[in-house]
Amino acid sequence: MIKSNDILADFQFLGNRVSNFSIETKQIVSKNEKINISYEFDYNILNIEEDDKKYFGLLEFIVVVKSKVKNSILFKINLTIEGAFIGNKEKIKKEDFERMLKINGVTTLSQLSRSYILSVTALSGINPPVKLPMINIFQLIYKKEQKKENDFNHTK
C-alpha cells in the first residue's frame, strides 16, 4: 500500500453546495407517448483568490433537464452546484490552477450533479429516475470558450 501523503495532488476539492435547485413536474397524460429528454450543461468560474501558499477557486456547474411529451413539458429540472477547490501555489502556476478548475472541477461537480439528480428524481416519483449522460468535459470547455470568442467578436 502507498501512503496518501506520498501521492496527494497539488489540486484539491474542499467541498460543495447546491446553490439553486428546482423541479417542476406535470401529470402524465398517456403512458404510450414517446418522451424526449434534453440536457444542457454550463459552468462558470466564480472566483479565484490567492495568498502566499495557495490558490482558492470557486466554480459553479449548471444542469438543465427538460422532458417533453409532444409539445408539453413533463418535467423540468434546474440545478446549480458550487464547488470550492485549492491549489498549491508553490507547485502550480495560476493559469494551471484555472485550467485544473475547468477540467478537474467541472468533472467533479458533474459527477456530484449526476448523483444528486438521480436521488432527487427517484424520491420525487419519476420512474425511471433521471440519469445524466456522461459528457465530454474537454468539448464543453472548448464550446464555451468558442462561444465566448464569438460573442466577443460580435460585440466589436
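**Exercise 1.** What share of the 156 residues in the chain is buried?

*Solution.* The model is a predicted one, in which local features need pLDDT of at least 70 and side-chain atom pairs count only at pLDDT 80 or more, whereas totals for chains, interfaces and linings use all residues. Residues are numbered from 1 along each chain as its sequence is written, and side-chain values use heavy atoms, with hydrogens and water left out. Taking buried to be under 20% relative accessible area, with a 1.4 Å probe and protein chains only, one finds that buried residues make up 30% of the 156.

**Exercise 2.** Describe the order of the elements and the overall spread of the chain.

*Solution.* With helices (H or I, at least four residues) and strands (E, at least two) read as DSSP runs numbered from the N terminus, the order is β-β-β-β-α-α. The radius of gyration, taken over C-alpha atoms, is 19 Å, well over the 15 Å of the globule rule (2.2 Å times the number of residues to the power 0.38), so the chain is more spread out than a compact globule. Its C-alpha atoms fill a box of roughly 60 × 55 × 25 Å along the principal axes.

**Exercise 3.** Locate the largest nonpolar core and examine Phe61.

*Solution.* A nonpolar core is a set of buried Ala, Val, Leu, Ile, Met, Phe, Trp, Tyr and Cys residues joined through side-chain atoms within 4.5 Å. The largest has 29 residues, and Phe61 and Val63 have the most contacts inside it. Elements giving two or more residues to this core include strand 3 (54–69) and helix 1 (94–123). Counting contact as heavy atoms within 4.5 Å, and leaving aside residues up to four places away in sequence, Phe61 touches, among others, Phe41, Leu79, Val106 and Leu140.

Notes
Buried < 20%, exposed > 50% of the residue type's maximum accessible area, 1.4 Å probe, protein only.
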